[in-house]
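Student: Could we go through this model together? I would like to begin with the contact between the chains and then turn to local features.

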There are 2 protein chains.
Amino acid sequence: MITKDTLSKAFDKNLERYLAEWKEYLAFQSVSTDPQFEGGCKACAKWLVEKLSKLGFKAELIPTSGKDMVYAERSGDKSKPVVLFYGHYDVQPVDPIELWKSDPFTPELRDGRMYARGAEDNKGQNFYVLKALETLIEQGQLKNTVKILLEGEEECGSKGIAGALPKIKEKIAADILLVCDSGTLNLDLPSITMGLRGLIFLEVALHGAFKDLHSGTHGGLAPNPLAVIAKMITSLHTPDGRIAVPGYYDQLLAPDQEDLKLALTMPFTDEWYVSQTGVLPVAGEQGKSWAERNGFDPTIEVNGIYGGYSGAGVKTIIPSVAYAKITSRIGAGQDPKRCLDLIVKHLEKSVPKSCRMEVTNSSADARALRVSAAAPEIKHATAILSQLGNNCGAVGYIWMGASFPIAADLAEVSGGTPVMVGFGLEEDNIHAPNESFSIEQLKMGYIFAGLYFSNL
Amino acid sequence: MITKDTLSKAFDKNLERYLAEWKEYLAFQSVSTDPQFEGGCKACAKWLVEKLSKLGFKAELIPTSGKDMVYAERSGDKSKPVVLFYGHYDVQPVDPIELWKSDPFTPELRDGRMYARGAEDNKGQNFYVLKALETLIEQGQLKNTVKILLEGEEECGSKGIAGALPKIKEKIAADILLVCDSGTLNLDLPSITMGLRGLIFLEVALHGAFKDLHSGTHGGLAPNPLAVIAKMITSLHTPDGRIAVPGYYDQLLAPDQEDLKLALTMPFTDEWYVSQTGVLPVAGEQGKSWAERNGFDPTIEVNGIYGGYSGAGVKTIIPSVAYAKITSRIGAGQDPKRCLDLIVKHLEKSVPKSCRMEVTNSSADARALRVSAAAPEIKHATAILSQLGNNCGAVGYIWMGASFPIAADLAEVSGGTPVMVGFGLEEDNIHAPNESFSIEQLKMGYIFAGLYFSNL
């Protein structure tokens with residue numbers, strides 16, 4: 001078993017080489033959303049296969065409907081848990097390029113931070129894992145079977161990997177799914193992401209008259225599709241903020257009460273929330289805590305309504321059609337397709353005679369993911385993380401409101417209990433100009449990964 | 001007293017001269033909305049002053065903040081009611097010009113119809129009144145004091161005349177306000193417009209967070225301005241279609257039950273309404289007749305909602321701001337400013353803590369106008385109209401849902417009981433390409449006006 005001190009020294013000793021290699025990795029223009037960077041994606045994947053092969057992994061490219069995935073495996077003691085490590089080698093576009101202080105694909109170290117697209121998301125965070133594995137292998141400390149899956153389309157919807165999962169189910173079977181693509185509030189409170197919500201989407205059109213009507217000549221006669229859409233949206237919640245769609249909560253797993261207590265230990269005050277957004281955290285079901293409303297409960301949001309006149313001044317019409325875009329974050333246990341059906345059925349109740357509702361677009365693929373602090377895999381991660389911060393061993397537990405569909409799918413298909421740990425910070429500016437990741441973060445991630453794998 | 005027969009013969013005898021003069025009138029390019037037609041408006045007003053002077057009227061131009069008004073007066077027997085006749089000499093723009101079969105300002109007679117911009121609205125309908133007055137004067141049959149007010153901005157909001165009204169209050173004092181700017185379902189059922197609703201407008205912005213928020217990270221915490229706007233709109237009505245704004249009906253004058261019976265004699269069926277619009281006439285307060293809902297009751301319509309994302313696909317945001325455009329048609333007795341205040345106060349009740357509602361635009365100037373069939377002035381008009389159609393003396397009574405703000409103002413300022421009769425038909429295509437008015441309609445209007453003025 002390796003120690004924190006050993007890892008720290010190894011990191012410092014190898015830092016110059018690590019930085020050079022990290023820069024090589026970051027220099028690949030692996031922007032997945034834009035076809036002109038096809039070459040950058042391919043070159044990056046090839047580089048990873050070479051690196052992993054040199055490390056002693058059996059590495060290969062796995063084709064998908066889109067970008068190739070990098071897959072690598074190194075067998076270990078069969079009595080020990082198998083770890084599947086997931087990450088992605090693709091990066092966000094760089095626009096607006098003029099706001100970058102240095103070229104996004106010419107990595108530059110300034111004041112202890114590496115500036116480049118992907119410096120954190122996700123090249124930085126998978127690079128520290130790869131370097132920790134390298135150290136463990138060199139020191140004969142990697143005992144477990146480790147599988148590595150790095151996809152190339154995380155920033156554009158993960159369609160390729162999602163389609164490929166059934167075919168690689170046996171290959172990626174694991175006991176633990178390790179994902180290092182998340183963040184922490186600060187480095188004194190290293191954190192585990194304990195949950196992510198699922199996501200469904202639908203867009204509805206509400207058709208009334210076959211043309212826009214004069215609001216005077218027809219007011220009091222013709223139904224108003226915009227008013228109907230407004231009624232539909234309003235009907236989704238009770239006055240106290242609970243979702244009013246019948247049956248919506250039926251499959252939802254109640255939070256473990258101990259987990260909820262842990263979630264509430266995270267720093268969160270009304271004042272802080274107002275400073276971040278300008279509004280009080282007043283949404284969601286009244287009487288429930290912020291953590292339950294944001295991290296465990298489902299929500300339904302209208303993301304857009306349009307219809308009628310939106311130009312300057314007044315236009316006295318009853319519009320012929322109105323549209324709404326609706327998303328729902330769903331909680332653990334809720335089946336996305338069932339939730340979508342329930343919403344559609346519920347919305348239809350508001351449609352008056354001779355109007356017609358049409359679902360013009362929808363998706364219901366993304367399940368939620370939730371683990372409990374009582375799980376042994378989380379206890380293990382906690383034990384490691386408690387050694388890293390400077391805050392008397394405190395560890396943060398974050399049940400997030402956001403979604404990470406492929407992580408939920410991977411957990412299901414691989415069978416691995418998800419362990420999601422990451423060292424991203426708000427100041428890293430992921431998805432924005434001047435993305436960066438500090439050597440301090442890189443080292444903390446490296447030590448975490450080294451301790452994690454050597455203690456399994 | 002002149003007879004229908006005498007008028008009919010006079011019309012036929014003078015037809016050639018009338019058509020030539022009508023063409024002169026129609027040739028003026030008096031488009032009020034477009035500054036490039038300033039000259040056409042001025043020339044048209046000057047022409048009217050000359051014509052009216054020749055007829056024996058004391059005619060003048062009255063300047064306003066915008067286009068001049070034409071005012072003319074001819075004194076009569078002081079014991080007889082004074083009539084103020086209102087019309088407008090301005091016309092709608094001609095776009096799309098390419099759809100016109102003949103030049104809109106080169107009037108052309110085809111198959112008994114005069115084609116030109118303004119042929120009906122309103123030059124045709126005030127021309128027949130002027131020609132009838134000419135005939136009565138020639139035959140010594142015009143006994144009453146007649147005042148004529150032809151404005152030049154009806155097609156662009158009547159701002160000039162509205163501003164001038166307080167200054168000309170004494171000048172235009174009258175017992176009857178005659179307006180010939182309306183239509184009839186068909187020429188066998190000559191009709192009186194008995195009512196017009198008022199109109200108020202407001203645009204509200206609902207501000208939430210200071211930026212669009214991620215719907216996952218913030219769902220269950222941040223209030224959603226679009227959902228709040230939807231709730232506001234929904235709160236305006238009870239489930240049975242009645243306006244739910246407290247106090248909104250307080251000042252509304254209940255319909256005279258005999259009037260309501262008359263309103264319901266107009267032809268109106270669900271099938272006909274579906275054929276015109278594609279929807280059943282299901283809006284308004286359930287349990288009330290179509291005529292009451294459309295012609296007597298107030299309505300509140302949302303004319304536009306916008307906010308959030310309206311592009312292709314999904315964008316998982318909680319928008320920072322949402323907007324709604326709202327108009328209300330108000331009934332007789334309702335004070336527009338009070339109604340606006342009531343709506344604003346009611347909407348504010350839906351605003352959650354730390355969100356902010358802003359009224360970004362509003363107007364509350366247009367009152368409703370309503371007369372009863374029991375009024376002597378209406379009985380007089382009925383007696384005349386019953387001689388005109390071919391349907392056994394039937395007369396139509398239309399309480400309209402639309403608005404005509406300046407007519408309501410004129411009735412109030414002049415003190416005249418409004419008598420609104422017109423011979424427009426759907427096929428006249430007012431405000432559209434190939435506007436026209438038939439010689440048959442012109443003659444019917446001429447006979448109506450002749451009989452009307454000679455029998456007062």
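Tutor: The answers below take the interface first and the backbone and strands of chain A afterwards. Please keep in mind that this is a predicted model.

Student: How many residues does each chain bring to the contact?

Tutor: Chain A contributes 70 residues and chain B contributes 70 residues. Putting the two together buries about 5,200 Å², and carbon and sulfur atoms give 60% of that area. On the side of chain B, the residues that lose the most area to chain A are B:Leu221, B:Asn303 and B:Ile305, together 12% of what that side buries.

Student: How many salt bridges and polar contacts are there across the interface of chain B and chain A?

Tutor: The rule finds zero salt bridges between chain B and chain A. Polar contacts are present, however: 41 residue pairs, with both residues at pLDDT 80 or more.

Student: Which element gives the most to the side of chain B that touches chain A?

Tutor: That is S11(B), with nine residues. Other elements giving two or more residues to this side include helix H5 (225-235), helix H8 (290-296) and strand S13 (321-330) of chain B. By residue class, the side divides into 31 nonpolar, 29 polar and ten charged.

Student: And what does S11(B) pair with in chain A?

Tutor: Its partner is strand S11 (residues 299-308) of chain A; the two run antiparallel and are joined by five bridges. In one of these pairings, A:Gly308 has B:Gly304 as its bridge partner.

Student: How are the two copies related?

Tutor: A turn of 179° with a shift of 0.1 Å along the axis lays chain B on chain A with an RMSD of 0.1 Å. The two copies are therefore related as by a two-fold rotation axis. In chain B, B:Ala230 has the C-alpha nearest the axis, at 2.2 Å. Both copies use the same surface, since 100% of the contact residues of chain B recur in chain A.

Student: Back to salt bridges. How many are there over all chains?

Tutor: The count over all chains is 48. One pair is A:Lys131 with A:Glu21, whose closest N and O atoms are 2.5 Å apart. This pair links distant parts of the chain, 110 residues apart: A:Lys131 lies in helix H3 (residues 123-138) and A:Glu21 in helix H1 (residues 4-27) of chain A.

Student: Changing topic: where should I look for unusual backbone geometry?

Tutor: Most residues other than glycine have a negative phi, and most peptide bonds are trans. Against that background, a cis peptide bond joins A:Asp95 and A:Pro96, with omega about -5°. A:Pro96 belongs to the loop between strand S3 (83-88) and strand S4 (108-110) of chain A. The bond from A:Asp121 to A:Asn122 is also cis, its omega near 0°, and A:Asn122 is in the loop between strand S5 (113-115) and H3 of chain A. A:Asp111, although not a glycine, has a positive phi of about 50°; this residue is in the loop between S4 and S5 of chain A.

Student: Last one: which strands does S2(A) pair with?

Tutor: Strand S2 (residues 69-74) pairs with strand S1 (residues 58-62) of chain A in the antiparallel sense over five bridges, and a hairpin of six residues joins S1(A) to S2(A). Within that pairing, A:Ala59 stands opposite A:Ala72. S2(A) is also joined by five bridges to strand S6 (residues 146-151) of chain A, again antiparallel, where A:Val70 stands opposite A:Leu150.

Definitions and conventions:
Residues are numbered from 1 along each chain as its sequence is written. Chains are lettered from A and ligands numbered from 1 in the order in which they are written. This is a predicted model: local features need pLDDT of at least 70, side-chain atom pairs count only at pLDDT 80 or more; totals for chains, interfaces and linings use all residues. Side-chain values use heavy atoms; hydrogens and water are left out. Contact means heavy atoms within 4.5 Å. Buried area is the accessible area (1.4 Å probe) that two parts lose on being put together, summed over both. A salt bridge is a side-chain nitrogen of Lys or Arg within 4 Å of a carboxyl oxygen of Asp or Glu. A polar contact is a pair of N or O atoms within 3.5 Å; within protein, one must be able to donate a hydrogen and the other to accept it, and residues adjacent in sequence count only if both atoms are side-chain atoms. Helices (H or I, at least four residues) and strands (E, at least two) are DSSP runs, numbered from the N terminus. Ala, Val, Leu, Ile, Met, Phe, Trp, Tyr, Cys and Pro count as nonpolar, Asp, Glu, Lys and Arg as charged, and the others, Gly among them, as polar. Two strands pair if DSSP finds at least two bridges between them. Copies are superposed by least squares on the C-alpha atoms of residues with pLDDT of at least 70 in both.
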